[in-house]
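Let's work through how to read a two-chain model, one feature at a time. Have the viewer open and follow along.

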Number of protein chains: 2
Amino acid sequence: MFCDIDTLRLIELKFYHYLMTDPFFAPKGVAIIGASQDAHKLGHGVLRNLIQYRYKGGIYPVNRKAYEILDKPCYSSVSEVPDPVDLAIIVVPARAVAGSLQECGERGIGHVVIVTGGFSETGEEGKELENELMEIANSYGIKIIGPNCIGTIDTHTPVNTTFVVGMPEPGEIGFISHSGAMVAAIIDWASGSGIGFSRIVSLGNQIDVNETDMIRSIAEDPNTKVITGYIEGVADGLKFMEQARITAREKPFLMLKGGKGESGAKAVASHTGALAGSSEAFKTAFKHCGIQEAETIEEMFEWARAMAWQPLPKGNRVAVLTNAGGPAILAVDALEKQGLHIASLSEDTRSFLKKRLPKAASINNPVDVLAGSGPGTYTLALEALLSDDNVDSVVVIQAPQDWFLPVSLAEVVGEVAWSHDKTVITSIMGKASVGDALKILQKRRIPNVAFPERSASVLSAMIERRNWLKSVERESGSALKVNADEADQAVEESDWKKLLELYGVNFPEEFMAKTIDEAVDYSNKIEGGVAIKLVSDDISHKSDIGGVVLGVETDEEVRAAWTKIESAVKAYDGSMKGVIVQEMVTNTPEVITGFVRDDQFGPMVLFGSGGTDVELYKDVEMGIAPLSETAASELMKRTRIHKKLTGWRQFPESDIKSVIGVLQALGQIAIDYPQIKELEINPLSVLPKTEGSRALDVRGSLK
Amino acid sequence: MFCDIDTLRLIELKFYHYLMTDPFFAPKGVAIIGASQDAHKLGHGVLRNLIQYRYKGGIYPVNRKAYEILDKPCYSSVSEVPDPVDLAIIVVPARAVAGSLQECGERGIGHVVIVTGGFSETGEEGKELENELMEIANSYGIKIIGPNCIGTIDTHTPVNTTFVVGMPEPGEIGFISHSGAMVAAIIDWASGSGIGFSRIVSLGNQIDVNETDMIRSIAEDPNTKVITGYIEGVADGLKFMEQARITAREKPFLMLKGGKGESGAKAVASHTGALAGSSEAFKTAFKHCGIQEAETIEEMFEWARAMAWQPLPKGNRVAVLTNAGGPAILAVDALEKQGLHIASLSEDTRSFLKKRLPKAASINNPVDVLAGSGPGTYTLALEALLSDDNVDSVVVIQAPQDWFLPVSLAEVVGEVAWSHDKTVITSIMGKASVGDALKILQKRRIPNVAFPERSASVLSAMIERRNWLKSVERESGSALKVNADEADQAVEESDWKKLLELYGVNFPEEFMAKTIDEAVDYSNKIEGGVAIKLVSDDISHKSDIGGVVLGVETDEEVRAAWTKIESAVKAYDGSMKGVIVQEMVTNTPEVITGFVRDDQFGPMVLFGSGGTDVELYKDVEMGIAPLSETAASELMKRTRIHKKLTGWRQFPESDIKSVIGVLQALGQIAIDYPQIKELEINPLSVLPKTEGSRALDVRGSLK
């Protein structure tokens with residue numbers, strides 16, 4: 001494997017982070033400017049959290065009016081704070097923040113969290129205050145998180161610079177948030193849930209450090225196994241994608257996107273434009289980067305926990321082990337709905353199960369050990385399932401029963417699961433009676449879902465990640481070689497057909513015939529039937545006046561068509577320069593493809609079912625330009641029309657390779673010519689395998 | 001309003017239930033046959049639950065070897081048990097069940113729950129034992145629940161005939177289950193969750209009482225406000241629909257369906273057949289009956305609780321009230337995704353909010369009172385929102401904060417919400433810090449969701465119910481009058497075109513022309529272009545040999561077409577009887593419609609996007625035959641193609657009324673002719689408004 005640009009960038013970033021640890025998460029000493037004696041003030045909460053959650057470095061409250069707070073001696077100015085100190089938390093009123101920041105600069109403190117609110121979120125005046133802060137920060141080289149944020153947490157350092165009551169359990173999940181309230185809610189919700197965190201950061205108004213800056217800092221943290229985030233937008237789409245894509249190759253990267261922000265009023269000239277809204281752009285960018293988008297907070301953390309704790313499944317064949325029928329049925333329904341397969345057990349497994357399970361037990365998948373079986377039977381069955389080559393993952397369900405303690409099941413599942421390299425998820429059902437069992441599962445790193453049907457979403461997210469990693473490995477570059485001068489000229493003239501032809505896109509074969517005999521000659525050069533179309537300077541709606549004749553086959557028909565068109569032109573009092581004799585492409589699948597430019601993420605190539613009903617069915621997907629062959633192929637596979645192209649009902653297998661070429665050409669044009677706003681081929685007729693494709697209509701516009 | 005058949009049936013059922021209370025849920029005395037002294041046996045658990053959960057009637061353990069169990073005197077036979085006793089729970093070994101049942105019959109006990117397992121679920125032998133039980137039951141008129149079940153619970157009586165540890169809190173939700181494990185899991189999970197139950201029943205092997213029998217019993221219970229269920233199938237689809245439809249008009253009816261049971265191997269001759277799988281049939285039947293299908297257990301009970309506690313929203317305009325931006329954004333995203341509208345607040349509301357909320361607060365929907373506001377501000381804002389005519393429901397979000405106690409917010413929301421007749425849902429976020437607040441919300445009957453985005457699924461389910469109730473009200477019958485003799489004959493001859501024409505379905509106008517002059521004459525009778533198609537006894541693939549000419553307009557073109565066909569026939573050495581001159585229908589939306597018969601639910605009419613790609617896009621929906629005008633219209637509205645029919649892009653508004661007529665005709669044919677297995681029109685071309693529709697192709701088959 002050659003060392004691609006992503007890998008080089010990764011090595012560079014790793015080296016950079018090796019040289020410096022991040023004082024936002026592992027400070028050597030912390031000054032709290034605005035520490036307060038009043039237990040109801042935020043400046044008190046920050047100090048309290050640093051002490052209470054056992055930060056081990058120096059803690060220096062700055063307050064000129066107090067002698068000591070919470071047994072810590074106070075300093076009247078940050079300039080008096082002793083070494084080492086590399087992080088300051090500012091909690092003074094908005095008008096006093098600039099002064100405090102100035103003092104930090106003078107004291108040589110390079111990292112500052114500004115908790116104080118009342119800046120740009122309140123209007124123009126606040127925005128000016130922020131500008132002032134950035135001027136000071138730039139002159140001293142200070143990095144700022146905030147203002148209007150709740151700060152940072154690292155559970156392993158440990159350090160908690162927030163004022164929020166509670167500290168999450170140490171764990172493997174990093175969380176980046178554009179919403180402070182979301183951080184507070186998640187800390188409260190996660191306590192006692194078995195979801196542990198490594199680093200948490202609330203970014204506030206992001207005058208300096210933004211979500212993109214934070215990605216690498218969190219990713220480089222060895223305690224973080226999975227990166228999660230709640231974001232409402234990105235500061236710079238291209239930088240975000242660059243960082244995110246590198247990061248997702250190393251660690252699972254999950255995201256909850258808030259705020260759709262559809263610019264509904266935007267005038268769009270093409271199908272492609274109409275279909276490519278802002279939320280689709282985010283989806284496309286996320287997919288490109290390997291970021292997995294969750295629908296709800298719970299879903300995101302359920303995925304994160306499983307990815308942090310369990311190996312990714314090697315395939316999508318799932319075995320279900322249960323002591324009750326109903327819950328297993330619900331699990332199987334949900335798994336199948338997510339596209340997972342219920343594994344066919346091997347003959348060995350089945351005969352072993354037949355021998356060891358109760359007579360009435362079901363030895364087919366789902367394996368039902370029945371209500372009377374205990375942890376011993378579960379152990380034997382689980383071992384057999386995990387040893388079966390036809391099984392990639394196992395969901396272990398226990399419906400409430402009075403026969404044995406759920407803790408015993410948790411222990412044996414934990415033990416047996418880790419002697420194999422396969423994914424195991426449990427659903428020890430209930431709440432009141434299973435608290436102890438859940439604690440053991442946490443210890444053994446077995447994710448448990450409260451209801452068995454939720455295992456499907458978790459396993460499917462894990463498989464999606466595995467498939468993305470595989471597709472990234474396969475990717476190879478594409479570099480189309482094109483006559484640049486001719487292409488430049490085509491763009492200048494908005495001659496989209498010419499441009500696309502230069503990039504290898506095929507149009508129907510056609511000739512301009514000036515006489516009836518030329519028309520006959522040309523029609524014989526084209527295989528199959530042809531269309532004869534009037535060429536005239538003064539008649540625009542040619543088909544309305546009978547200037548177009550389709551499905552012309554024999555020489556006689558060509559002549560008849562010419563004559564018919566000629567008399568139609570006469571009847572209309574128009575002039576006739578001749579006719580176009582054009583290859584007819586009928587009864588082939590039609591697709592749409594094109595590119596648009598997203599304000600944030602740049603050019604995106606769209607592909608999907610073509611024709612006039614495109615917007616009705618919305619069977620389209622997008623990818624970030626330029627597209628590698630693999631990326632173009634994966635993009636196509638996400639649509640329904642792909643099924644048709646692979647050979648479906650009356651349609652033979654289509655020339656998919658040719659379509660991939662067209663998609664790559666469009667991606668390359670988008671990169672080569674930033675002045676093209678959008679370009680669309682609809683329909684692109686896809687001929688049978690090896691016969692290529694034909695662009696039947698194309699439209700585009702310059703910026 | 002006239003008194004329809006559903007209403008009459010309802011009155012009859014109500015009267016029936018008025019005469020007798022159900023001893024399964026309100027027995028006068030209970031005998032436990034097989035009560036055991038051994039605390040590990042089920043027969044002990046049943047007795048323990050009856051005593052522990054305070055059943056107030058007589059509790060009579062039957063055990064010939066014991067003197068007393070749990071301080072209750074034992075009887076050596078059920079014949080010795082004193083009056084009153086109208087329910088027996090049998091927990092003896094399988095082989096002894098028949099004898100015990102016989103004794104119950106002799107003692108005059110009319111209701112029996114058989115907990116014992118080891119019957120048909122274990123094989124043929126068990127099935128025979130069940131037959132024996134039913135013979136005894138029939139001879140004494142005993143009603144049986146089970147065997148292999150865990151019995152019944154009524155929290156209001158109270159009575160708990162199960163052996164499962166735990167008793168749900170009294171509440172308004174009834175639950176019918178085909179899985180005992182699911183009942184046990186839900187009892188365990190619900191304890192402390194604020195979800196209360198009225199009646200619960202586990203049905204086991206259903207040798208007698210089945211899910212359909214239970215629907216009315218649960219529905220008639222005045223304590224039950226919402227009916228929920230987990231079912232894996234239905235005993236009799238038509239009876240089930242009859243009971244369910246009546247019931248859903250009175251009370252919300254929610255269902256979780258386990259087991260897809262797709263009969264994948266079934267050979268199908270039509271698109272309609274291929275699209276109408278068993279799970280689609282259940283979905284269709286549920287929709288017809290007003291049963292709302294949930295995807296997960298949690299979702300079902302979250303819906304149930306909201307419907308039990310809150311009024312249904314009068315429309316889909318939602319206001320969101322919050323103290324933090326991020327969570328509100330997530331709620332808004334989810335609400336919009338579910339098709340709900342974010343209400344535009346009235347000028348009055350906005351100016352009130354502007355006056356009373358903090359300066360930086362957002363007074364547009366979502367209304368953000370900001371982190372510093374307390375229950376007082378929430379009160380003022382909630383009152384304003386609930387008083388706004390533009391608002392149908394309010395979601396109140398509270399992100400964790402340290403300023404005020406969440407209990408106070410719970411109290412004021414409870415108070416203000418009930419002074420209006422609008423739907424209020426809260427999302428007091430977090431877990432560790434909000435336990436007390438949640439208890440108050442339960443008391444005040446305000447449903448709370450742990451994360452704000454979940455309010456969307458709840459509100460949307462409530463609105464779906466309201467819309468179903470409205471659509472049922474609007475329904476009116478349809479009775480097509482058809483010449484029965486002619487129709488009978490058409491069916492006998494499988495002349496589907498004739499049959500459909502008799503039921504008012506239109507086909508393209510066409511004439512059989514035997515000479516070239518006739519062809520010209522006929523073509524002049526038809527408006528617009530025509531198709532000329534060869535009629536021949538010995539040529540089958542007419543279009544392949546050039547026997548079909550499309551788009552023929554002038555007399556000359558008709559003659560040319562005749563000549564062309566004539567020479568093609570000659571070249572092929574075939575014979576020519578003449579041609580069909582047929583109306584051409586082009587460039588109009590094409591739909592598919594037809595009916596199939598589901599084994600369980602009878603005939604179902606299908607409608608959707610037509611053509612050859614039907615199965616690719618699967619834009620189809622089904623309805624139970626026969627269809628009222630309203631039902632046909634609602635069915636159409638659920639598809640994407642409906643948008644096109646209402647006038648979309650180049651298409652003018654189509655003749656939707658004509659399509660409704662075709663759907664009703666198909667539904668009526670399905671009822672009138674049970675011997676027709678399936679019938680399909682694809683495509684049906686829909687002409688512009690008032691111009692009707694044309695069936696271009698039809699296929700059908702007899703059973």
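What follows is a chat about the contact between the chains and then a few single residues.

Q: Before we start, what kind of model is this?
A: It's a predicted model, and side-chain atom pairs count only at pLDDT 80 or more.

Q: Okay, how do I get a feel for the interface? How many residues does each chain give to the contact?
A: Start with the head count, then look at area. Here chain A and chain B put in 64 residues each. The area buried between them is about 5200 Å², with carbon and sulfur atoms giving 59% of that. On the chain B side, F451(B), L616(B) and Y617(B) supply 13% of the area buried against chain A, more than any other three residues.

Q: And the charged and polar part: how many salt bridges are there between chain B and chain A?
A: Count the pairs, then pick one to look at. There are six salt bridges between the two chains. One to pull up is E298(A) with R454(B), where the closest N and O atoms are 2.5 Å apart. The polar contacts across the interface come to ten residue pairs. Several elements of chain B give two or more residues to this side, including helix 10 (297-309), helix 20 (555-571) and helix 21 (614-617). By class, the chain B side has 28 nonpolar, 15 polar and 21 charged residues.

Q: Now single residues. Which side chain of opposite charge is nearest to D86(A)?
A: For a buried charge, look for a partner and check the distance against the cut-off. The nearest one is K28(A), at 4.2 Å. A salt bridge has to be within 4 Å, so D86(A) is buried without one. The side chain of D86(A) does reach the backbone nitrogen of K28(A), at 2.8 Å. D86(A) sits in the loop between strand 4 (72-73) and strand 5 (87-90) of chain A, and among the residues it touches are P23(A), P27(A) and H111(A).

Q: What about D388(B): which side chain does it join in a polar contact?
A: Again, check charge partners and polar ones separately. D388(B) is buried and has no salt bridge, with K422(B) 6.3 Å away as the nearest opposite charge. Its side chain makes a 2.6 Å polar contact with that of T349(B), and also reaches the backbone nitrogen of N390(B) at 2.7 Å. D388(B) lies in the loop between helix 13 (375-387) and strand 18 (393-398) of chain B.

Q: Last one: why is T122(A) classed as partly exposed?
A: Because its relative accessible area is 44%, and the partly exposed class runs between 20% and 50%. A polar atom of the T122(A) side chain lies 2.8 Å from the backbone oxygen of F119(A).

Key. Residues numbered from 1 in each chain as written. Chains lettered and ligands numbered in written order. Predicted model: local features only at pLDDT ≥ 70, side-chain atom pairs only at ≥ 80, totals over all residues. Heavy atoms only, no water. Helix = DSSP H or I, 4+ residues; strand = E, 2+ residues; numbered from the N terminus. Buried < 20%, exposed > 50% of the residue type's maximum accessible area, 1.4 Å probe, protein only. Lys, Arg positive; Asp, Glu negative; His and termini not counted. Polar contact = N/O pair within 3.5 Å; in protein donor to acceptor, adjacent residues only side chain to side chain. Contact = heavy atoms within 4.5 Å. Buried area = accessible area lost by both parts, 1.4 Å probe. Nonpolar A, V, L, I, M, F, W, Y, C, P; charged D, E, K, R; others polar. Lists of a residue's contacts leave out its neighbours within four places in sequence.
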